[in-house]
Amino acid sequence: KKEIEILKGKVPDQSHAMKDVGYHFTNLWFAGQKQNWPLAKFYCDETRAHLKWAVRIIPVRKVTGGDLDLKPILDGIDQSLFAAVQKTIDAKSVTDFSEAYRQALGGCYSCHVASEKPYLRLHVPEQPEAKIVEFAPAE
């Protein structure tokens, strides 16, 4: 039991995983806008993986009136909204990508609201998180 408690104290918290989600999801926007589809696929995959990590860290949130199981919410968002983003990347459609990305933002916010964190409002990013990454595709 003591070792388990020590390990629990070393595991990153959910906010750490969500910071990674924000990093990847922000960069996804700029990769898509520059039509760098391989980079957009990378950031989309990373966003989805880190969202799953966040839910593994805290699968159930305490909210007013009981417990909120985050896995079904994530599964729904992942299988619909993030799958739609992936389809636009596969289709190499910047117009459809922009709309799908905005819808995914809305889906993320709906989870924030359900988790009683409506103050975590999202918007299309204004600048990338990775200042060292070239978002334009290679010639």
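**Contacts along the chain.** I began with contacts in this predicted model, and I noted that among those in the protein chain between residues at least 6 apart in sequence, 68% join residues at least 24 apart. I then looked up the fold elements and found 5 helices and 2 strands in the protein chain, which follow the pattern α-α-α-β-β-α-α when read along the sequence.

**Extent and burial.** Taken along the principal axes, the C-alpha atoms of the protein chain fill a box of roughly 55 × 30 × 25 Å. I also noted that buried residues make up 36% of the 139 residues in the protein chain.

**Helix α4 by itself.** I checked the length of α4 against its residue count: at 1.5 Å a residue its 22 residues should span 32 Å, and because the end C-alpha atoms are 30 Å apart, the two values agree. I nevertheless recorded a kink of about 35° in α4, centred on D78, and D78 is itself listed among the buried residues of this helix. The others on that list are L70, L74, I77, F82, V85, Q86, T88 and I89. What do the buried residues of α4 pack against? I found that their partners are α2 (14-33), α3 (37-57), β1 (60-63), β2 (66-69) and α5.

**The pair α4 and α5.** I looked up the packing of helix α4 (residues 70-91) with helix α5 (residues 94-114), and the angle is about 170°, with the axes 8 Å apart. Angles over 145 degrees count as roughly antiparallel, and α4 and α5 are therefore roughly antiparallel to each other. On the α4 side the contact is made by L70, I73, I77, L81, F82, A84, V85, T88 and I89, while α5 contributes D96, F97, A100, Y101, Q103, A104, G107, C108, S110, C111 and A114. Sorted by class, this contact of α4 with α5 has 15 nonpolar, 4 polar and 1 charged residues.

**Two single residues.** Is H112, a residue of helix α5, buried or exposed? I entered H112 as buried, because its relative accessibility is 15% and the cut-off for buried is under 20%. Leaving out residues up to four places away in sequence, I found that H112 touches M18, K117, P118, L120 and L122.

R56, by contrast, has its place in helix α3 and counts as exposed because its relative accessibility is 60%. I also looked up its separation from L70, and R56 and L70 are 14 residues apart in sequence and 9.2 Å apart in space, C-alpha to C-alpha.

How values were computed: Residues numbered from 1 in each chain as written. Predicted model: local features only at pLDDT ≥ 70, side-chain atom pairs only at ≥ 80, totals over all residues. Heavy atoms only, no water. Axes fitted to C-alpha atoms, helices over the stretch in contact; angles between N-to-C directions. Helix = DSSP H or I, 4+ residues; strand = E, 2+ residues; numbered from the N terminus. Parallel < 35°, antiparallel > 145°, perpendicular 65-115°, else oblique. Contact = heavy atoms within 4.5 Å. Nonpolar A, V, L, I, M, F, W, Y, C, P; charged D, E, K, R; others polar. Expected span 1.5 Å × (residues − 1). Bend = angle between axes of the 7 residues up to and from the residue. Buried < 20%, exposed > 50% of the residue type's maximum accessible area, 1.4 Å probe, protein only.
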